Amino acid sequence: MMGEGPLLSISSLTVAFGEYRAVRDVSLEVSPGETLAIVGESGSGKSTLARSIVGLARPLAGKISFRGRDLLAMSRHELKRIRREVQMIFQDPYSSLDPHFSIRRIIGEPFEIFGYPRTERDRRVEELAVMVGLRPEQLDKYPHEFSGGQRQRIGIARAMALQPSLIICDEPVSALDVSIQSQIINLLLDLQEQSGVAYLFISHDLGVVEFLADRVAVMQGGEIVETGPTADIFERPQHPYTKSLLSSLL
């Protein structure tokens, strides 16, 4: 389902916290409908890169373009329109959900923000619940009443609400049991097949990445040290750091 031209383009991006540069001169592209995985050890800059794309971390230098438009140069009003197309799934499926909101309100919040009529909002929320494997009668419950895997399904439903073109998945299965991880990964693949959504998939789990990703970018010390098709990275790694990461799979 990959289309023509990049959906997301990052050029020479640097993100700093004081004197520390968490992301250094990173460039990458995500095409429509593909999954690009970013892998690396903890502290390599993966999550900081993801957060900068959605405006949660302000870059020191560089450019982030979505469909050819510079996100860093947009007004708040323009960015709100882009938010319909770029969503995020977080690592912790509990802390990312407001414990005071019902599941119906959590999934329906994007529709409320963008002014959807109540009847359409209710209909879409029920459709989304079913789409991610929840039952409509569960919608009036609260996050603490659900398991970790169910809470991540709620987060996925919320991210899919406005039919985005790109979802940034920041370690979305790392907090889950292995058996539940496979269910969530398969759900993400099914949703991608149905909708054509692209994923920027942040992970340190190389087994998950090998199964899910079309391409892989390897981060070390805030820099991209190697990138390529998944099969090439796993079968013919070039950079010593990539080789050392893959040695853990042997």
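Start with the whole chain in view: 48% of the 250 residues in the protein chain are buried. Keep in mind as you look around that this is a predicted model.

**The whole chain**

Switch to a cartoon view and colour by secondary structure. You should find nine helices and 10 strands in the protein chain. The radius of gyration is 18 Å, close to the 18 Å that the globule rule gives for 250 residues, so the chain is as compact as a globular protein of that length. If you like to draw a bounding box, the C-alpha atoms fill one of roughly 55 × 45 × 35 Å along the principal axes.

Next, think about which parts of the sequence meet. Taking the contacts with a separation of 6 or more, 66% are between residues 24 or more positions apart.

Now turn on the surface. The accessible surface of the protein chain comes to about 12,000 Å², and carbon and sulfur atoms account for 47% of that area. Colour by charge and you can pick out 27 positive and 32 negative charges. The mean positions of these two sets are 7 Å apart.

**Strand β1: threonine 14**

Select residues 8-17, which form strand β1, and show threonine 14 as sticks. Is threonine 14 buried or exposed? Its relative accessible area is 9%, and because that is under the 20% cut-off, threonine 14 counts as buried.

What lies around it? Beyond its neighbours within four places in sequence, threonine 14 is in contact with Arg21, Val23, Arg24 and Asp25, and also with Pro59, Leu60 and Ala61. Show those residues too, then zoom in on aspartate 25. Its backbone nitrogen lies 3.2 Å from a polar atom of the threonine 14 side chain.

**Strand β1: serine 12**

Stay in strand β1 and move to serine 12. Here the backbone is worth a look: serine 12 has a positive phi of about 50 degrees although it is not a glycine. Serine 12 is partly exposed, with a relative accessible area of 37%.

**The loop after α5: glutamine 163**

For the last stop, select α5 (148-160) and β7 (166-170), then look at the loop between them, where glutamine 163 lies. What is phi of glutamine 163 near? The value for glutamine 163 is near 55 degrees, again positive in a residue other than glycine. Show the surface once more: glutamine 163 is exposed, with a relative accessible area of 63%.

Technical notes. Residues are numbered from 1 along each chain as its sequence is written. This is a predicted model: local features need pLDDT of at least 70, side-chain atom pairs count only at pLDDT 80 or more; totals for chains, interfaces and linings use all residues. Side-chain values use heavy atoms; hydrogens and water are left out. Helices (H or I, at least four residues) and strands (E, at least two) are DSSP runs, numbered from the N terminus. The radius of gyration is taken over C-alpha atoms; the globule rule is 2.2 Å times the number of residues to the power 0.38. Buried means under 20% relative accessible area, exposed over 50%, partly exposed in between (1.4 Å probe, protein chains only). Contact means heavy atoms within 4.5 Å. Accessible areas come from the Shrake-Rupley method with a 1.4 Å probe; for residues, only the protein chains shown count as cover. Lys and Arg count as positive and Asp and Glu as negative; His and the chain ends are not counted. The place of a charge is taken as NZ of Lys, CZ of Arg, CG of Asp or CD of Glu. A polar contact is a pair of N or O atoms within 3.5 Å; within protein, one must be able to donate a hydrogen and the other to accept it, and residues adjacent in sequence count only if both atoms are side-chain atoms.
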